[in-house]
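Hi everyone, thanks for coming. Have a look at the screen while I pull this one up.

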Amino acid sequence: MSHAWRRWSGHVVASSYELTHEREYHAIRSSAALLDISPLCKYRVSGKDAERLHDRVVTRDVAKAAPGQVRDTCWCEAAGKVIDEGTIAR
């Protein structure tokens, strides 16, 4: 065990669980992984034009998501270039 901890957005998180990343990488690629995303940025978008705004910046059709659903999506800049990826919840 590596005991490598660091600060991330006000939280203390493990940087790795092994001395090298090789075992973690192969476990993620061949099985499953659990990631605590608490420190990641979250935005609440509401109002009459919220759906219209999302349709401009994400690649998913927000209207197809039912209330309570979460979807993976790419976030794009004005010209359509992907600048990040994340989830969107309705």
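I'll start with the overall layout, then zoom in on one hairpin.

Quick housekeeping: this is a predicted model, so local features need pLDDT of at least 70, side-chain atom pairs count only at pLDDT 80 or more, and totals for chains, interfaces and linings use all residues. Residues are numbered from 1 along each chain as its sequence is written, and side-chain values use heavy atoms, with hydrogens and water left out.

Okay, what's in the chain? We get two helices and four strands; those are DSSP runs, helices being H or I with at least four residues and strands E with at least two, numbered from the N terminus. Going along the sequence, the pattern reads β-β-α-α-β-β.

Now the overall form. The radius of gyration is 17 Å, where a compact globule of 90 residues would be near 12 Å. That number is taken over C-alpha atoms, and the globule rule is 2.2 Å times the number of residues to the power 0.38. The C-alpha trace spans about 50 × 30 × 30 Å along its principal axes. And how much is buried? Just 14% of the 90 residues, where buried means under 20% relative accessible area (1.4 Å probe, protein chains only).

Let's zoom in. Strand 3, residues 70-76, runs antiparallel to strand 4, residues 82-89, and seven bridges join them. For two strands to pair, DSSP has to find at least two bridges between them. One of the partnerships is Cys-76 with Val-82 in strand 4. Together the two strands form a hairpin with five residues between them. Find Gly-80 in that turn: its phi is positive, about 95 degrees.

Methods: Buried < 20%, exposed > 50% of the residue type's maximum accessible area, 1.4 Å probe, protein only.
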